[in-house]
Amino acid sequence: MEEAFALAEAEAKLRTALQESTTRFETAQLPNKLNEDWRYGSPNKFATALADVLQSSDCSQGRATVTHDNGAAVAVSKDDEDLLQTEMLMPSIGSDALLGMHLARFGEGYVLYIEESTKEPICLHYEAEGVYTPSTFIMVAPGVKAHVIEHHEGHGENATLFVTRNIQVAEGAELHVELRSSGAARYMCITNIQNMGGKVNHFTGHAAHQWGREETVAEIYSSAEGTSVELYSANKLSGNSVLDQHTKQIHHVGGAYSNLLYKNVVDDHATAIFAGNIRVEEGAHQTDAYQANRNLLLSEKAGVHSLPGLEILADRVRCSHGSASSPVDEETLFYLCSRGIPRNEAYEQISSGFLNDAYQRFARGTEGESSVE
């Protein structure tokens, strides 16, 4: 009887949430210059252009492939009501109207039901030749260890790639996710991580997009020992490219750990935007959370906007954030050049070492080390 009541209550909450989501998408407005979540992001230019492209084409112009999945991958079907509901309940960071347009095109991509630990990484590859809007769902069972690599690639000057990703990790599970994207004229990626008591290690690397926006919301729902989320990003921008990254680390309960380190090398007239927020909910005591954004400028005309933030509603927490942007260190540059290394190659070595730090931290899966220090 108790199980029946609990099930009925859960179903009622789901119906309410879906009704609210429907209203949310129906009433959502395109981002504009007054939208704080698009600050410095030129929404009147980029969000409007993306919306126009999404509404102008109904057909899917891309392809998805998966390798080394060991039977864990299932192609997404637009007729799967559970998966459709999952996407409807995804959060965005100021992009509900755009997410609603993606929802209207739902039906491409893969679900990964990972129920056994894997030795080889499961590899997903999305390629866009026009307008392509795939979805990825990753669900990791209790105690399972897995590694997933995603490649998002655009081909041609009109390639538009808009990917949504929902990641759910059960208690005791460990998931390493690596995402690399390149080549799209317009690129957007919205990721929701739901950690129910496991370890999530997440890396993104973006390159060669004319415009890209990444939104990542990491939510922690468990105080089980060892629960953690680590977010890393390393990006090299050049030309007139724009990369706009927004993150939220949300601790719903106490006793867990989260860490973020995002690094950018910015050259020419390129622009890097970062806005991050750590939110510790009421009662989430003993939370341990960090956030850092580091930027290396190779050009006087390169632009960086960095907006880290904290929202603490609990006591007895350790939370900090930091941001730093600087040109190449002249002493380091002089040292390399004095050893016979050409100046342009010296710049390349310094840039590679700067970004490689973030990837190496991801690769090591370091626990308990603050990237702010």
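**Notebook: a helix, a sheet and one leucine**

I began with helix H6, residues 343-364, in this predicted model. H6 lies across five strands: S9 (174-182), S11 (199-207), S13, S15 and S17 (288-297). I looked up its direction too, and H6 runs at about 165° to S15.

Next I turned to the sheet. What is the order of its nine strands? I read S1-S4-S7-S9-S11-S13-S15-S17-S19. The sheet is open, and its pairing is mixed. I noted that strands of a sheet pair through backbone hydrogen bonds, either parallel or antiparallel.

Which strands form the edges? I found strand S1 (62-67) and strand S19 (318-327), each pairing on one side only. I also looked up the turn between neighbouring strands of this sheet: on average 10°, direction ignored.

Then I picked one pair, S13 and S15. Strand S13 covers residues 228-237, and strand S15 covers residues 257-266. How many bridges join S13 to S15? I counted ten, and the two strands run parallel. Within this pair, I saw Tyr232 opposite Leu261 in S15.

My last stop was Leu333. I placed Leu333 in helix H5, residues 330-338. Is Leu333 buried or exposed? Its relative accessibility is 1%, and buried means under 20%, so I wrote down buried.

What does Leu333 touch, leaving out residues up to four places away in sequence? I listed Val328, Arg343, Ala346, Tyr347 and Ile350. Of these, I checked Arg343 against helix H6, whose residues are 343-364.

I also compared Leu333 with Val242. They are 91 residues apart in sequence. In space I noted 26 Å, C-alpha to C-alpha.

Conventions: Residues are numbered from 1 along each chain as its sequence is written. This is a predicted model: local features need pLDDT of at least 70, side-chain atom pairs count only at pLDDT 80 or more; totals for chains, interfaces and linings use all residues. Side-chain values use heavy atoms; hydrogens and water are left out. Two strands pair if DSSP finds at least two bridges between them. Helices (H or I, at least four residues) and strands (E, at least two) are DSSP runs, numbered from the N terminus. Axes are lines fitted to C-alpha atoms, for helices over the stretch in contact, and angles run from 0 to 180 degrees between N-to-C directions. Contact means heavy atoms within 4.5 Å. Buried means under 20% relative accessible area, exposed over 50%, partly exposed in between (1.4 Å probe, protein chains only).
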